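Reader: Before any discussion begins, I should like to see the sequence and the model together. Please then take my questions in turn.

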Amino acid sequence: MSAITDSEGSEKGVKKFVDDWLIYDTILGEGAFGEVRLIANRKTREKIACKIMDFAKYKGSEVAITREIRIHSVLNHENIIKYYGLRKEPTRVYLFLEYAPGGELFQQIEPGVGMPSRDAQMYMKQLVRGVSYLHSKGITHRDIKPENILLHNGILKISDFGMATLFRHKGKERMLDKKCGTKPYLAPEILVGSYHAVPADVWSCGCVLVAMLAGELLWNCPHEDYPEFAQYKEGNYLTSSPWNRLGNTPLSLVTRILDLDPMKRISLEKILKHPWMTYNFSYDEADSSADSNSNGLHAIRRASMMEPPADRESPYVTLSQPNLPTRPVCLEHIIDKQQKTNKRRDNKWFSQPTHNEDLIISSELQFTQTPITKDNFSDLIQRMTRFFVTTQTEEKTAEALCSVLDALHYTWTVDGSGAISISTVDNMKNQLVFKVTIFKMEGKILLDFRLSKGCGLEFKKKFIKLKECLGNIVCKV
Ligand code: ATP
């Protein structure tokens, strides 16, 4: 049976997907080859993220998607989005993934401020555990950034294995030479020649830590042509932002991670033992006591950020047999048969790779154009880039928004779905595209901002500016 039909949608905003599953109209995110939507089981109410990839629309995507599936399907760790299986139709493939209702990590980062040190430490621990697990399986992610890190009840989940590859097989490491990733998070050696996978991922984790602590990126690209990086290389950086906003202890960790020599760069294991990582940030304590950057601007978001159970799954254990995630039983009917039985080894959609070499990605140049999307279903996801307004109608709200956009000289269009799509450049002169959807919720008008292309932090800066300009109609909470 082909998935998604118009009939039998029993609730507004949903369609029947297949069997007992409903698919929501609102997208969770857009990716390079399609979109991610929420599906929910009518009977059990279980929610799953469904990544829909369209081969017909995105020519040449099949090979990339196959690689992503081969890698993601062998992973099972608390800090990695779980892969449950797939369903294939002639021109489309549906990947079923653990649903992360907390959205992307960058949503928790206040531009120019960051987040409380305690939260940054908690996320960093989880990120390091997730990445250590990947490395223990011989896999490198190669595109670690806040936009590829999702949250579920305060638990960090690494996602998007589109750039991942196998760097160690049967104990033998291979050097990598593919220049891929997202420039502000990229280790400098990647731009120079062949590189070791592990320290390159460690570097990206350090850039994520700075983004969490300072709400700012260090540089646009780790190359001498970029003054911020050139200054860092010359050792002449401590007085400039964001460096001068990091306390001594986090600074010592960041500089150990961002060691220009990949061979001297601190290991993930040692990161976990660094004094800043082991410091006990108390709930009641001001961040400054922990030698951090806090200026007290952060909202208390702690209720939703429980510390994860310590080392539930050791990242340092290499499993000879994959210990795959248990998928919800109710998904069984809609996942392709060979995925369930694991018997058809000749099938390229088989959930386990036949040879580990199949996981290796060829070496053409491939950069992610920086972050991509977000968005989510309004009442299911905590989002920070949206607000209610006092205007009575959608039309009046659109008028107010568009006059602010014109005053700020933004280029905007109305897309097919009725959303206002804004195209601009960020401070680093990179393309930034985001969409604003206006809709009625609980009798009030909600403006929902979603990044389509560009840097998450720069998007949030624009969002804050627009919210300020619309101050006269923003609902005071
Ligand atoms: P890219 O073009 O960046 O490589 P992609 O095609 O690999 O993107 P993803 O990054 O996997 O797509 O997903 C796109 C967006 O969809 C994510 O940034 C996220 O906002 C949302 N998303 C993806 N997976 C989930 C999930 N499991 N739960 C909730 N939201 C998700």
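**The ligand and its surroundings**

Reader: Which of the 20 residues around the ligand come nearest?

Author: This is a predicted model. The ligand has 20 residues around it. Those that come nearest are Ala32, Lys51, Glu98, Glu104 and Asp160.

Reader: Which strand supplies the largest share of the shell around the ligand?

Author: Two strands, β2 (21-31) and β4 (47-54), each contribute at least two residues to this shell. The largest share amounts to four residues, and the strand that supplies them is β2.

Reader: How many residues of the shell are charged?

Author: Sorted by class, the shell holds nine nonpolar and four polar residues. The number of charged residues in the shell is seven.

Reader: What distance separates the side chain of Glu104 from an oxygen atom of the ligand?

Author: Polar contacts are counted between N or O atoms within 3.5 Å. Asp160 places a polar side-chain atom 2.8 Å from a ligand oxygen atom, and a backbone N or O atom of Ala100 lies 2.9 Å from a ligand nitrogen atom. For the side chain of Glu104, an N or O atom is separated from a ligand oxygen atom by 2.4 Å.

Reader: What percentage of the ligand's accessible area does the protein cover?

Author: On its own, the ligand has 610 Å² of accessible area. The part of this area covered by the protein is 92%.

**Helix packing**

Reader: Are α2 and α4 roughly parallel or roughly antiparallel?

Author: Helix α2 (residues 117-136) packs against helix α4 (residues 197-214) with the axes 10 Å apart and an angle of about 165°. Angles over 145 degrees count as roughly antiparallel. The crossing of α2 past α4 is right-handed. The two helices, α2 and α4, are therefore roughly antiparallel.

Reader: Is the crossing of α4 past α6 left-handed or right-handed?

Author: The axes of α4 and helix α6 (residues 248-257) cross at roughly 150° and come within 8 Å. These two helices, α4 and α6, are therefore roughly antiparallel. The crossing in which α4 passes α6 is left-handed.

**Backbone details**

Reader: Which residues does the cis peptide bond with omega of about 5° join?

Author: Pro242 belongs to the loop between α5 (227-234) and α6. The peptide bond in question is cis, with omega about 5°. The residues joined by this bond are Ser241 and Pro242.

Reader: What is phi of Arg142?

Author: Arg142 is found in the loop between β7 (139-140) and β8 (149-152). This residue is not a glycine, yet its phi is positive. The value for Arg142 is near 70°.

Methods
Residues numbered from 1 in each chain as written. Predicted model: local features only at pLDDT ≥ 70, side-chain atom pairs only at ≥ 80, totals over all residues. Heavy atoms only, no water. Near = heavy atom within 4 Å. Polar contact = N/O pair within 3.5 Å; in protein donor to acceptor, adjacent residues only side chain to side chain. Areas by Shrake-Rupley, 256 points an atom, 1.4 Å probe, with all protein chains shown as cover. Nonpolar A, V, L, I, M, F, W, Y, C, P; charged D, E, K, R; others polar. Axes fitted to C-alpha atoms, helices over the stretch in contact; angles between N-to-C directions. Parallel < 35°, antiparallel > 145°, perpendicular 65-115°, else oblique. Left-handed = near helix turned anticlockwise from the far one by under 90°.
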